[in-house]
Amino acid sequence: MTIVRWNPAREIDVLHREMNRLFDDVFSPSQAWKTFSGYTPAAEIEEMEEGYQLRLELPGINKDELDIQVTADSVAISGERKITHNSEGNDSLRSEFRYGTFQRVLATPGRINHQNVTADYQNGILTLTLPKAEEEKNKVVKVNLG
């Protein structure tokens, strides 16, 4: 019989890895469409001198299916990616595509002039140009020492 020294730190490490694997399996992007009715498209925001540029990945979505609403401090984008293939007679062996409705509400880093927002949709990327509000452009904050 072999004597094995018990190491409680190792047991905790194994438990930690198993919990991470469980959450990765349940909440991974490839599984999210199976678990929930919709999905969340990836977003990217960049600050420029005159405003912000917001980009969202929306492959396979017709631009007529998108609804974009902008306020002075947030952007709401919703839409639907519909199944385009006919499933009659064809059994899909595996699909990691995400279908269904989505809604994404993003707070802007600063106030924007929501009256002059422009949008462009090319190659599955939605690009919104969000100009800064005048009070945000000229905002100067005095910092006191002491």
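Leaving aside its neighbours within four places in sequence, which residues is Leu-54 in contact with (heavy atoms within 4.5 Å)? They are Ala-43, Glu-44, Ile-45, Val-75, Ile-77, Leu-106, Leu-126, Thr-127, Leu-128 and Leu-130. Keep in mind that this is a predicted model, where local features need pLDDT of at least 70, side-chain atom pairs count only at pLDDT 80 or more, and totals for chains, interfaces and linings use all residues. Residues are numbered from 1 along each chain as its sequence is written, and side-chain values use heavy atoms, with hydrogens and water left out.

**The sheet**
- Three strands (DSSP runs of E, at least two residues, numbered from the N terminus) make an open sheet in the order E3-E4-E5, with antiparallel pairing (at least two DSSP bridges between two strands).
- Strands E3 (67-70) and E5 (100-107) sit at the edges, and each pairs on one side only.
- E4 (residues 74-81) is joined to E5 by 8 bridges, and Gly-79 stands opposite Phe-102 in E5.

**The core**
- The largest nonpolar core has 15 residues, and Leu-54, Ile-77 and Phe-102 are among those with the most contacts inside it.
- Such a core is a set of buried (under 20% relative accessible area, 1.4 Å probe, protein chains only) Ala, Val, Leu, Ile, Met, Phe, Trp, Tyr and Cys residues joined through side-chain atoms within 4.5 Å.
- E2 (51-57), E4, E5 and E7 (125-131) each supply at least two of its residues.

**A buried arginine**
- Arg-81, found in E4, is buried yet has no salt bridge (a side-chain nitrogen of Lys or Arg within 4 Å of a carboxyl oxygen of Asp or Glu).
- Glu-57, the nearest side chain of opposite charge to Arg-81, is 9.7 Å away.

Definitions and conventions
Helix = DSSP H or I, 4+ residues; strand = E, 2+ residues; numbered from the N terminus. Buried < 20%, exposed > 50% of the residue type's maximum accessible area, 1.4 Å probe, protein only. Contact = heavy atoms within 4.5 Å. Lys, Arg positive; Asp, Glu negative; His and termini not counted.
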